[in-house]
Amino acid sequence: MIGSFSRFAAGLTTETAFDVLAVARRLRAAGKDVIELQIGDSPFPTPPHALAAAHTALDADQTHYGPSLGLPEFRTAIAQSLQRDFGLEVTAEQVAVGAGAKIFQTFFCEAFLEAGDAVLIYEPAFPTYVPNVLRRGAVPVVAPLRPERGFRPDPHDLARFLHTQPRAKAVFLNSPHNPTGSVLSPDDLLAFARLLHDTPVWLFSDEPYCHMVWQGRHISPLSLPELRERTVAVYTFSKSYSMSGWRCGFAVAPVPVIQVLGKLLNTSLSCVPPFVQRACQAALEQDGPTRDQYMHRFRTKVDLLVRELNRLEGITVTPPAGTFYVFADVRPICQRLGITSHGLAMYLLEGADDRQGLACLGGECFGASGQGFLRFSCAEPDERLVQAVQFLGRVVAAVSADGPAAARLHRWLDQHPQYRRGEDRATSR
Ligand SMILES: Cc1ncc(COP(=O)(O)O)c(C=O)c1O
């Protein structure tokens with residue numbers, strides 16, 4: 001090979017959910033019965049009006065370039081939906097359409113960060129925040145989310161960040177939170193507003209789960225005048241409308257920021273395919289009842305998974321306040337078996353049984369503060385969720401007793417020493 005990769009590319013960490021997904025699909029193709037709870041996707045189909053609108057748009061040949069910031073009618077529909085759903089006063093000029101929510105992490109960092117700027121990230125965190133900060137040569141400053149605060153971000157950590165980092169430039173917030181399911185309270189946000197007042201710090205407010213709040217309600221920093229002027233809030237069709245593969249999302253920000261996002265879109269994606277935008281516009285305008293029904297079904301799934309998991313010895317689950325994730329504390333099991341939590345996840349998928357497997361993620365896939373937890377998504381039908389927990393219970397009980405199952409686990413750990421507790425050297429997050 002000629003030359004060498006950049007230091008950034010060579011050291012890039014990725015979203016482990018996609019790596020585990022690839023393993024799960026390979027095993028499935030080889031005939032294994034794999035229950036897939038690894039990725040934050042939906043078992044429900046694209047809502048009907050969205051699908052019909054896409055067909056109509058394709059028949060009308062809406063398959064060409066469009067404006068980089070998005071189709072004007074779509075941007076208007078987005079602004080109206082934010083008013084309707086969350087009482088937010090947003091105009092179409094404050095909206096930029098992109099390919100999902102994730103791409104806006106890259107654009108946000110490109111818009112605001114210089115090398116050496118400091119960015120506060122609460123951890124466990126969505127795995128692509130850190131790589132996007134590093135992409136700019138900026139410095140991620142990590143603060144832990146603590147179980148005793150229900151995993152909600154502690155404003156004291158923000159105060160310390162502002163006090164100790166002369167180059168403080170941005171904060172990543174994510175509520176409802178992946179992977180812990182925490183939801184910011186109004187008091188949390190007020191504390192953030194008071195601290196950020198009079199600073200040059202920008203807020204990236206990642207809100208893909210805005211319709212999935214089971215306790216309290218969703219509050220965006222956009223609803224506080226003190227925060228609105230320094231916030232880039234990001235939404236997606238992947239979760240609320242079960243449209244992850246359509247790759248469509250949007251950002252809301254002050255107009256000058258949207259103009260910069262327009263340049264970043266222009267120089268990278270060009271635009272989101274118009275027929276995709278038409279489908280998403282129809283979802284906003286006509287698929288509200290389907291979305292609400294999906295949300296209700298997700299809530300039932302989350303309750304089911306929490307109830308079933310809490311029956312197992314060595315596992316403790318606090319019901320998530322939002323999202324379709326369950327973040328289970330499995331520290332006693334990991335300690336007893338001498339395995340990391342992601343090791344346990346991979347053993348359940350690959351090692352424990354030749355015919356059956358369970359795909360989920362170790363909490364460390366979201367940063368070191370997630371160690372000792374397993375994240376389950378609710379991306380399978382209810383009966384498969386129950387089967388998943390039964391399988392987990394069976395495997396853990398079997399390996400905990402001295403016998404062939406324990407010997408099998410030890411053999412597997414010999415082949416995968418990176419998953420022994422104390423030897424965790426995973427580079428992927
Ligand atoms: C917190 C968070 N941000 C961003 C994304 C990415 O969303 P999208 O797939 O719409 O780009 C996800 C998806 O799981 C997420 O959980």
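**Strand β13, a seven-stranded sheet and the internal cavities**

Strand β13, residues 373-377, is mostly covered, with five of its five residues buried. The model examined here is predicted. Neither face of β13 is left open: F373, R375 and S377 are buried on one side, and L374 and F376 are buried on the other. The charged residue R375 thus shares a side with F373 and S377.

Two strands pair with β13. One is β10, residues 325-329, which is antiparallel to β13 and joined to it over five bridges. Within this pairing, D329 has F373 as its bridge partner. The other is β12, residues 361-362. This strand also pairs with β13 in the antiparallel sense, over two bridges. Here G362 stands opposite L374. Both F373 and L374, the partners of D329 and G362, are buried.

A separate group of strands forms an open sheet. Seven strands take part, in the order β2-β8-β7-β6-β5-β3-β4, and the pairing is mixed. The edges are β2, residues 95-98, and β4, residues 139-144; each of these strands pairs on one side only. Neighbouring strands are turned against each other by 20 degrees on average, direction ignored. Within the sheet, β5 and β6 run parallel and are joined by five bridges. Strand β6 spans residues 202-206. In this pairing, N174 stands opposite D206 of β6.

Two helices that pack on the sheet are α5 and α11. Helix α5, residues 103-112, touches β2, β5, β6, β7 and β8. The direction of α5 makes about 175 degrees with that of β6. Helix α11, residues 255-266, touches β2, β6, β7 and β8. The direction of α11 makes about 20 degrees with that of β2. Strands β2, β6, β7 and β8 are therefore touched by α5 and by α11, with contact taken as heavy atoms within 4.5 Å.

The structure also holds three cavities of 30 Å³ or more. The largest has a volume of about 110 Å³. Its lining comprises 17 residues, and those nearest the centre are Y122, F172, L173, N174 and H177. Strands β3, residues 118-123, and β5, residues 168-174, are the elements that give two or more residues to this lining. The largest share, three residues, comes from β5. By character, the lining divides into 12 nonpolar and five polar residues, with no charged residue. One residue links this cavity to the strand pairing described above: N174 lies among those nearest the cavity centre and stands opposite D206 in β6.

The second largest cavity contains about 100 Å³ of space. It is lined by 13 residues, of which C210, H211, Y235, Y241 and F250 are closest to the centre. At least two lining residues are supplied by each of α4 (72-86), β7 (231-236) and α10 (237-240). Helix α4 gives the largest share, four residues. The lining here divides into eight nonpolar, four polar and one charged.

The sheet and these two cavities share elements. Strands β3 and β5 belong to the sheet and give residues to the lining of the largest cavity. Strand β7, likewise part of the sheet, supplies residues to the lining of the second largest cavity. Helix α5 touches both β5 and β7.

Key
Residues numbered from 1 in each chain as written. Predicted model: local features only at pLDDT ≥ 70, side-chain atom pairs only at ≥ 80, totals over all residues. Heavy atoms only, no water. Buried < 20%, exposed > 50% of the residue type's maximum accessible area, 1.4 Å probe, protein only. Pairing = 2+ DSSP bridges. 1 Å grid on protein atoms, 1.4 Å probe; cavity = no way out; pocket = protein on both sides within 12 Å on 5 of 7 lines; lining within 4 Å. Points joined across faces, edges and corners; volume = space filled by probe spheres on them. Axes fitted to C-alpha atoms, helices over the stretch in contact; angles between N-to-C directions.
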